[in-house]
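Trainee: Got a minute? I'd like a quick tour of this one.
Mentor: Sure. Let's pull it up.

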Amino acid sequence: FFRPCTANVFDLLMNADNFRYFTCDCIFEDPHARLEKPGAIVDELRSKVKLLFGEFGVGMVCKSLKLVDFNGVCGRFTLRSTRTHHTMVRAALVYITQLEMQTCLIH
């Protein structure tokens, strides 16, 4: 008995094994600094991907890039990216040195 597949092809291809998660700490130069806007992380990451890999890199990485978890008090956040492009995200994270006009280090 053959039953046609009714699931979305994208959902079948993008199962949990196809994603990589990055849990990062944002260490500010000023110990009292905090992240106010979670969107600033993704925006800065997109600009660094564009700097390193151009428009092609932005198109490939940012369609699957998602901020999964964010804690502005301790500066910890979790990003999700596809397995095929996670090395681009990792390379771009190294180049983030400033968030919300404050010097920082992503670890």
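**Contacts and folds**

Mentor: Leaving out residues up to four places away in sequence, S64 touches R80, S81 and T82. Keep in mind that this is a predicted model.

Trainee: Where does S64 lie?
Mentor: S64 is in the loop between α2 and β2 (66-71).

Trainee: Is S64 buried or exposed?
Mentor: S64 counts as buried because its relative accessibility is 11%, and the cut-off for buried is under 20%.

Trainee: How far apart are S64 and H85?
Mentor: In sequence, 21 residues. In space, S64 and H85 are 9.0 Å apart, C-alpha to C-alpha.

Trainee: Let's follow S81, then. Where is its place?
Mentor: S81 belongs to strand β3. It is buried, with a relative accessible area of 0%.

Trainee: What does S81 touch?
Mentor: N18, F19, R20, F22, S64, H86 and V89. That list skips residues up to four places away in sequence.

Trainee: And T78?
Mentor: T78 also has its place in strand β3. At 12% relative accessibility, T78 is buried. Beyond residues up to four places away in sequence, T78 touches Y21, F22, T23, K66, L67, V68 and D69.

Trainee: Step back a bit. How many helices and strands does the protein have?
Mentor: Three helices and five strands. Starting at the N terminus, the elements run α-β-α-β-β-α-β-β.

Trainee: What share of the residues counts as buried?
Mentor: 35% of the 107 residues.

Trainee: And what does the protein expose?
Mentor: About 7,300 Å². Carbon and sulfur atoms supply 56% of that area.

Trainee: What about contacts between residues at least 6 apart in sequence?
Mentor: Of those, 72% join residues at least 24 apart.

Trainee: Now helix α3. Which of its residues are buried?
Mentor: In α3 (residues 86-94), the buried ones are H86, M88, V89, A92 and L93. They are on the same side of α3 because they cover an arc of only 155 degrees around the axis.

Trainee: What covers them?
Mentor: The cover for the buried residues of α3 includes β1 (19-28), α2 (39-62), β3 (76-82) and β5 (102-106). We met H86 and V89 earlier, as contacts of S81.

Trainee: Which exposed residues sit on the face turned away?
Mentor: R90 and V94 are carried on the face of α3 turned away from its buried side.

Trainee: What comes after α3?
Mentor: A loop that leads to β4 (98-99), and Y95 is found in that loop. Y95 is partly exposed, at 45% relative accessible area.

Trainee: What is Y95 in contact with?
Mentor: K48 and L52, leaving aside neighbours within four places in sequence. Y95 and L51 are 44 residues apart in sequence. In space they are 9.6 Å apart, C-alpha to C-alpha.

Trainee: Switching topic. How many disulfides are there?
Mentor: Zero, across the whole structure. Take C104, which is in no disulfide. The nearest cysteine sulfur is that of C26, 3.9 Å away. A disulfide needs the two sulfur atoms within 2.5 Å.

Trainee: Is C104 buried or exposed?
Mentor: Buried, because C104 has 8% relative accessibility. C74, at 45%, counts as partly exposed.

Trainee: What sits over the ring of F19?
Mentor: The charged end of R80, 4.1 Å from the ring centre. Both names came up before: R80 touches S64, and F19 touches S81.

Trainee: How many aromatic pairs are there?
Mentor: The count comes to zero.

Trainee: One last stop, the backbone. What is phi for E100?
Mentor: Near 50 degrees, a positive value in a residue other than glycine. E100 lies in the loop between β4 and β5. It is partly exposed, with a relative accessible area of 23%.

Trainee: And M101?
Mentor: M101 has a positive phi of about 65 degrees, although it is not a glycine. M101 lies in the loop between β4 and β5.

Trainee: Is M101 buried or exposed?
Mentor: Exposed, because M101 has 74% relative accessibility, and exposed means over 50%.

Note on methods: Residues numbered from 1 in each chain as written. Predicted model: local features only at pLDDT ≥ 70, side-chain atom pairs only at ≥ 80, totals over all residues. Heavy atoms only, no water. Phe/Tyr/Trp six-rings, centres within 6.5 Å; stacked < 30°, edge-to-face > 60°. Lys NZ or Arg CZ within 6 Å of the ring centre and 35° of its normal. Buried < 20%, exposed > 50% of the residue type's maximum accessible area, 1.4 Å probe, protein only. Helix = DSSP H or I, 4+ residues; strand = E, 2+ residues; numbered from the N terminus. Arc of directions from axis to C-beta. Contact = heavy atoms within 4.5 Å. Areas by Shrake-Rupley, 256 points an atom, 1.4 Å probe, with all protein chains shown as cover.
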